[in-house]
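Work through the exercises below with the model open. Each task is followed by a stepwise solution.

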Amino acid sequence: MIRQFSGADVLAVPVSAVVAGIRRAAVDARTLGRSVARSGFGAPGGELLLMPAADDGLTGVRIATIAPDNPEHGLPRVQGVYVLFDSKTLTPVAVIDAVELTAVRTAGVSMVGIAALGGAAQRTAIVGTSVQARAHLRLLVELGWCKDFTIHGRRTEAVDGLAAYGRSLGAEARAGTTDDLTTAGLVICCTSASTPVVPDTLAPDVIAVAVGSHTPTAAELPAGLFKDAQVVVESTGVATTEAGDVIQAVAAGVLPPDTVVELGAVLRGDVPIDPTKRRIFKSVGMAWQDLAVATAVFENEISERGLAN
């Protein structure tokens with residue numbers, strides 16, 4: 001039987017289980033070799049992406065679409081489904097809503113990166129008001145890592161809406177200023193912008209996270225922010241082809257390419273983190289992360305209902 005999982009089912013999975021699953025995969029040195037770079041092609045409304053990955057127990061593929069004009073019509077910019085298979089027989093076992101899975105996956109990866117770089121700060125600035133911004137705020141609150149937020153965005157009503165959502169979770173959240181950005185201990189960029197959305201004058205010991213783009217020509221963080229910073233990515237190979245923030249900082253001569261390190265190496269203790277430095281985590285999203293979250297969704301149902309594979 002192929003099980004169906006809605007967005008609500010994805011959200012029902014404990015945040016701690018999602019983060020633990022992603023961290024477990026990231027630590028495993030075999031993981032990067034068990035997924036391939038996203039492939040895509042143009043469609044009339046945007047782009048179709050395929051992201052397959054395999055593990056010992058489960059194999060999966062995210063089939064996602066990116067339609068830039070959708071928000072104007074009240075539809076998500078990113079949509080899709082995740083199909084999960086038994087790894088031994090390759091029998092399909094589940095279909096999962098990929099909208100919520102993508103949001104939870106991206107925020108979950110950020111949480112693993114934040115923890116690796118020293119942990120959440122007392123006050124967090126969230127740049128952007130989209131689904132991803134909401135997901136990051138929710139995970140930070142539910143994990144108990146932060147309850148003081150400033151929200152930064154172009155549209156006042158969207159900023160106020162996200163701040164209200166944060167307050168509904170029991171956090172302090174308000175519209176932020178440039179001063180709030182430059183003094184925050186943690187800055188998370190969740191936008192679809194192609195040019196930098198924060199100044200290069202963030203705090204000298206800030207943790208800056210950028211998750212909004214996966215193309216060489218788009219960068220949420222200015223190149224100057226990378227000077228003398230510790231930079232961590234999911235995969236150095238993928239970062240050199242997809243992470244515009246990193247690519248442009250290298251091209252500008254402020255980021256030596258051989259100083260960029262992988263998240264797995266940090267988590268395994270191979271690379272020490274200096275909390276006195278500016279630390280940057282750039283995520284573009286990889287197939288192994290989708291599989292880690294899809295596995296958590298699948299196993300959560302088994303645990304909750306006592307279902308057998």
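A salt bridge here is a side-chain nitrogen of Lys or Arg within 4 Å of a carboxyl oxygen of Asp or Glu. The model is predicted: local features need pLDDT of at least 70, side-chain atom pairs count only at pLDDT 80 or more, and totals for chains, interfaces and linings use all residues. Residues are numbered from 1 along each chain as its sequence is written, and side-chain values use heavy atoms, with hydrogens and water left out.

**Exercise 1. A pair across the chain**

Task: Find which side chain meets aspartate 290 in a salt bridge, and place both residues.

Solution.
Step 1. The partner is arginine 105, at 2.8 Å from N to O.
Step 2. Assign the elements; helices (H or I, at least four residues) and strands (E, at least two) are DSSP runs, numbered from the N terminus. Aspartate 290 sits in helix α10, residues 287-305. Arginine 105 belongs to helix α3, and the pair links distant parts of the chain, 185 residues apart.
Step 3. Check burial: buried means under 20% relative accessible area, exposed over 50%, partly exposed in between (1.4 Å probe, protein chains only). Aspartate 290 is buried at 0%. Arginine 105 is buried too, at 3%.

**Exercise 2. Other salt bridges**

Task: State how many salt bridges the structure holds, then examine the pairs of arginine 155 and arginine 268.

Solution.
Step 1. The total is 11 salt bridges.
Step 2. Arginine 155 pairs with glutamate 157, with closest N and O atoms 3.4 Å apart. Arginine 155 is partly exposed at 48%; glutamate 157 is exposed at 53%.
Step 3. Arginine 268 meets aspartate 270 at 3.6 Å, N to O. Arginine 268 is partly exposed at 37%. Aspartate 270 is exposed at 53%.
Step 4. Look for a network: Arg34, Asp55 and Asp56 are linked by salt bridges.

**Exercise 3. Empty space**

Task: Describe the largest pocket and the largest cavity.

Solution.
Step 1. Set the terms. On a 1 Å grid over the protein atoms alone, a cavity is a set of points where a 1.4 Å probe fits but cannot get out, and a pocket is an open set with protein on both sides within 12 Å along at least five of seven lines; lining residues have an atom within 4 Å of a point. Grid points are joined across faces, edges and corners, and a volume is the space filled by probe spheres set on the points.
Step 2. The largest pocket holds about 1,500 Å³. Its lining has 48 residues, with Arg77, Ser130, Cys190, Thr191 and Ser192 nearest the centre. Helix α3 gives the most to this lining, six residues.
Step 3. The count of cavities of 30 Å³ or more is one. The largest cavity has about 50 Å³ of space. Its lining includes Ser35, Arg38, Met51, Glu242 and Met286.

**Exercise 4. Positive phi**

Task: Where do leucine 90 and aspartate 228 lie, and how exposed are leucine 90 and aspartate 228?

Solution.
Step 1. Leucine 90 is not a glycine, yet its phi is positive, near 60 degrees. This leucine is in the loop between β5 and β6 (92-97). Leucine 90 is exposed at 52%.
Step 2. Aspartate 228, also not a glycine, has a positive phi of about 65 degrees. Its loop runs between β11 (207-210) and β12 (230-233). Aspartate 228 is exposed at 57%.
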